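Colleague: Could you walk me through this model? I would like to begin with the overall layout and then turn to the charged contacts.

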Amino acid sequence: MVAHEVPASSTLAVPHGPASVGVARRRLRRDLGEREIPDTVIDDAVLILSELLSNSCRYARPLGRLADLDLEAPDALLVGAHSPTRRTAPCADGEWDSGGVLVRWQMHRDGSLTLEVTDGGSATRPVPARPSLTSRGGRGLSIVGRLASEWGVRDEPGQVTVWAALPTGGTAR
């Protein structure tokens with residue numbers, strides 16, 4: 001039997017919208033499951049990624065046209081848009097002209113996992129909110145802060161990356 005090689009990282013270019021959250025969550029759950037990461041860590045990672053990507057879709061601008069995003073990583077996939085070389089989902093009319101964001105996760109040799117969402121930024125910097133008890137939202141980055149060993153924001157010209165790291169309980173294989 002030949003061992004199944006599971007990539008140490010994945011990069012997805014996804015449409016800038018709420019439907020992409022489910023796509024990224026399913027892909028992350030599958031990738032981490034194939035790496036035999038404990039279910040509790042997978043659940044935390046999926047929740048963190050959901051919060052980061054949901055915030056991006058709600059508050060930030062897309063990086064640019066989905067079809068034009070620069071996918072330098074060898075593991076990069078263009079999801080839900082027309083890509084002549086790497087197409088992973090049917091293309092809806094005009095979807096390749098919509099805005100997109102980049103989602104990435106990477107396993108490190110020390111067994112930690114980094115999750116990242118890169119978008120076009122917004123007028124404000126991502127910070128945890130202090131919602132009232134009756135508020136319907138505003139708790140996402142506080143949840144990320146509780147689950148992750150650390151998280152932060154990287155600014156680059158024309159883009160912002162919000163990232164979070166968490167231990168997986170083992171070393172990368």
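The conversation below goes through the fold, one helix, the salt bridges and a hairpin.

Colleague: Where does this model come from, and how many helices and strands does the chain have?

Modeller: This is a predicted model. The chain contains 3 helices and 7 strands.

Colleague: In what pattern do they follow along the sequence?

Modeller: The pattern reads β-α-α-β-β-β-β-α-β-β.

Colleague: What percentage of the chain is buried?

Modeller: Of the 173 residues in the chain, 42% are buried. The accessible surface amounts to about 9900 Å², and carbon and sulfur atoms account for 52% of that area.

Colleague: And what share of the contacts joins residues at least 24 apart?

Modeller: That share is 68%, counted among contacts between residues at least 6 apart in sequence.

Colleague: Turning to helix H2, how many residues does it have, and what distance does it reach?

Modeller: Helix H2 covers residues 39-59, which is 21 residues. From its first C-alpha to its last it reaches 30 Å, close to the 30 Å expected at 1.5 Å a residue.

Colleague: Which residues of H2 are buried?

Modeller: Among them are Val41, Ile42, Val46, Ile48, Leu49, Leu52 and Leu53. The buried residues also include Ser50, Glu51, Ser56 and Cys57.

Colleague: What do those buried residues pack against?

Modeller: Their partners are helices H1 (19-34) and H3 (140-147), together with strands S1 (9-15), S4 (99-107), S5 (112-119) and S7 (159-167).

Colleague: Now the charged contacts. How many salt bridges does the count come to?

Modeller: The count comes to 5 salt bridges. Four residues, Arg27, Arg30, Asp31 and Glu34, are linked in a network of such bridges.

Colleague: Which pairs in that network can you describe?

Modeller: One of the pairs is Arg27 with Asp31, whose side chains meet at 3.3 Å, N to O. Another is Arg30 with Glu34, at 3.9 Å, N to O.

Colleague: Where do these pairs lie, and how many residues apart are the partners?

Modeller: Arg27 and Asp31 are both in helix H1, 4 residues apart, about one turn of the helix. Arg30 and Glu34 also both lie in H1, with a separation of 4 residues.

Colleague: Why would that spacing suit a contact between side chains along a helix?

Modeller: An α-helix has 3.6 residues a turn, so residues three or four places apart point the same way.

Colleague: Are the four residues buried or exposed?

Modeller: Arg27 and Asp31 are both buried. Arg30 is partly exposed, with a relative accessible area of 44%, and Glu34 is partly exposed at 33%.

Colleague: What does Glu116 form a salt bridge with?

Modeller: Glu116 forms one with Arg154, and their closest N and O atoms are 3.3 Å apart. Glu116 lies in strand S5 and Arg154 in strand S6 (residues 150-156), so this pair ties together parts that are 38 residues apart in sequence.

Colleague: How accessible are Glu116 and Arg154?

Modeller: Glu116 has a relative accessible area of 16%, so it falls under the 20% limit and counts as buried. Arg154, at 33% relative accessibility, counts as partly exposed.

Colleague: Since S6 has come up, how do S6 and S7 run, and how many bridges join them?

Modeller: S6 and S7 run antiparallel and are joined by 7 bridges. Trp151, for instance, has Ala164 in S7 as its bridge partner.

Colleague: Which residue in that hairpin takes a positive phi?

Modeller: Gly158 does, with a phi near 80 degrees, in a hairpin that has 2 residues between the strands.

Terms used. Residues numbered from 1 in each chain as written. Predicted model: local features only at pLDDT ≥ 70, side-chain atom pairs only at ≥ 80, totals over all residues. Heavy atoms only, no water. Expected span 1.5 Å × (residues − 1). Buried < 20%, exposed > 50% of the residue type's maximum accessible area, 1.4 Å probe, protein only. Contact = heavy atoms within 4.5 Å. Areas by Shrake-Rupley, 256 points an atom, 1.4 Å probe, with all protein chains shown as cover. Pairing = 2+ DSSP bridges.
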